[in-house]
Amino acid sequence: MPPSTPAPPGLHTALASDEWFSACDPALQAELLRLARMRHLAPGESLFARGGEADGLCCVVAGALRIGTLNAEGNAALLAYLEPYQWFGEISLIDGRPRTHDAVADGPTQVLVVPREALLRWLDAHPAMWRELARLACRKLRVLFIAVEELAQLPLEERVWRRLQLVARGYGSRETPRRHIRLGQELLAQMLGVSRQSVNKALKTLEAGGRLRLRYGEIELLTPNENPGSPAPAGPARG
């Protein structure tokens, strides 16, 4: 288990940049911060492993986490790349079953963890607050449905573009997307289940079309105003 410390004071403002947390009832916001512990991870260190016991609701507050697993052939599959201030772990919190994926630090990383048993006791006393956890789970389901549809229907260049937008929007957690994404091509290839060479080719096609710029160690997403001929980015799913 990674070492932990109490949540630092003044964290509430930063956490409120996440759409889910900012819309939560203030009582739940306060309780999450009261119960939370900060875990400090070294590069490559695991927060939890697939099949491990669910120990709480989590939020990245510094660095990044790779959420994925290894298939039967030993190849890495990356489900998500989580950055500040994205919440996760609600599935195991709700159903009590083991973790579905591995969570590994991509560089020095800090994660806020709200212990499961303590949070469940509070939720038992405030059952109306379960709706807030349901909202978080539903946000993830919407992202999953979009990704499955794109996999079946879109060419690789468009799938790469849409996945970059998802990362930029924090999988629906940010109203204003980030323009600069520090996501290596190998990790992007693992997300899409294709080779790094295929991703590199797709990125260069997108760059030639004026939709992004490739920089050392990062990808910059461009706006339609900067490139009038490029299509407008798709926003998060509604409905």
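By the ring criterion used here, the count comes to three aromatic pairs, where rings of Phe, Tyr and Trp (its six-membered ring) pair if their centres lie within 6.5 Å, and planes under 30 degrees apart count as stacked, over 60 as edge-to-face and the rest as tilted. Select Phe 21 and Trp 87 to begin with, a stacked pair with 5.7 Å from centre to centre and 5° between the planes. This pair links distant parts of the chain, since Phe 21 sits in helix H2 (residues 19-23) and Trp 87 in strand E7 (residues 87-88), 66 residues apart; helices (H or I, at least four residues) and strands (E, at least two) are DSSP runs, numbered from the N terminus.

Before moving on, note that this is a predicted model, in which local features need pLDDT of at least 70 and side-chain atom pairs count only at pLDDT 80 or more, while totals for chains, interfaces and linings use all residues. Residues are numbered from 1 along each chain as its sequence is written, and side-chain values use heavy atoms, with hydrogens and water left out.

**The ring pairs**

Staying with the selected pair, Phe 21 counts as buried because its relative accessibility is 0%, and Trp 87 counts as buried at 1%; buried means under 20% relative accessible area, exposed over 50%, and partly exposed in between (1.4 Å probe, protein chains only). Add Trp 20 to the selection, and the ring pairs link Trp 20, Phe 21 and Trp 87 into a cluster.

Next, select Phe 48 and Phe 88. How far apart are the ring centres of Phe 48 and Phe 88, and at what angle are their planes? The centres are 6.2 Å apart and the planes stand at 45°, so the pair is tilted. Phe 48 lies in strand E3 (residues 46-48) and Phe 88 in strand E7, so the pair ties together parts that are 40 residues apart in sequence. Phe 48 counts as buried at 12% relative accessibility, and Phe 88 likewise counts as buried, at 6%. Keep Phe 48 in view and add Arg 99, which lies over the face of the Phe 48 ring at 4.2 Å from the ring centre; a charge sits over a ring if NZ of Lys or CZ of Arg is within 6 Å of the ring centre and within 35 degrees of the ring normal.

**The salt bridges**

The structure holds 17 salt bridges, each defined as a side-chain nitrogen of Lys or Arg within 4 Å of a carboxyl oxygen of Asp or Glu. Select Arg 135 and Glu 132, which form one of them, with the closest N and O atoms 2.9 Å apart. Because they are three residues apart in helix H6 (residues 130-153), Arg 135 and Glu 132 are separated by about one helical turn. Arg 135 is partly exposed, with a relative accessible area of 28%, whereas Glu 132 is buried, with 11%.

Then go to Arg 211 and Glu 158, a salt bridge in which the closest N and O atoms are 3.3 Å apart. This one links distant parts of the chain, with Arg 211 in the loop between helix H9 (196-208) and strand E11 (212-215) and Glu 158 in helix H7 (residues 156-168), 53 residues apart. Arg 211 is buried, with a relative accessible area of 13%, and Glu 158 is buried, with 18%.

A further stop is Arg 182 with Glu 218, whose closest N and O atoms are 3.8 Å apart in a salt bridge. Here Arg 182 belongs to the loop between strand E10 (180-181) and helix H8 (185-192), while Glu 218 belongs to strand E12 (residues 218-221), and the two are 36 residues apart. Is Arg 182 buried or exposed? At 56% relative accessibility, Arg 182 counts as exposed, whereas Glu 218, at 13%, counts as buried. Now select Arg 179, Arg 213, Arg 215 and Glu 220, which are joined into one network by salt bridges that share partners.

**Arg 174**

Arg 174 is found in the loop between H7 and E10, and it is buried, with a relative accessible area of 10%. Leaving aside neighbours within four places in sequence, Arg 174 is in contact (heavy atoms within 4.5 Å) with residues including Glu 83, Pro 84 and Gln 86.

**Helix H3**

Finally, colour helix H3 (residues 26-35), where Leu 28, Gln 29, Glu 31, Leu 32 and Leu 35 are buried. Seen down the axis of H3, these buried residues fall within an arc of 170°, so they line one face of the helix; the arc is that of the directions from the helix axis to the C-beta atoms. Pro 26 and Arg 34, on the other side of H3, are exposed.
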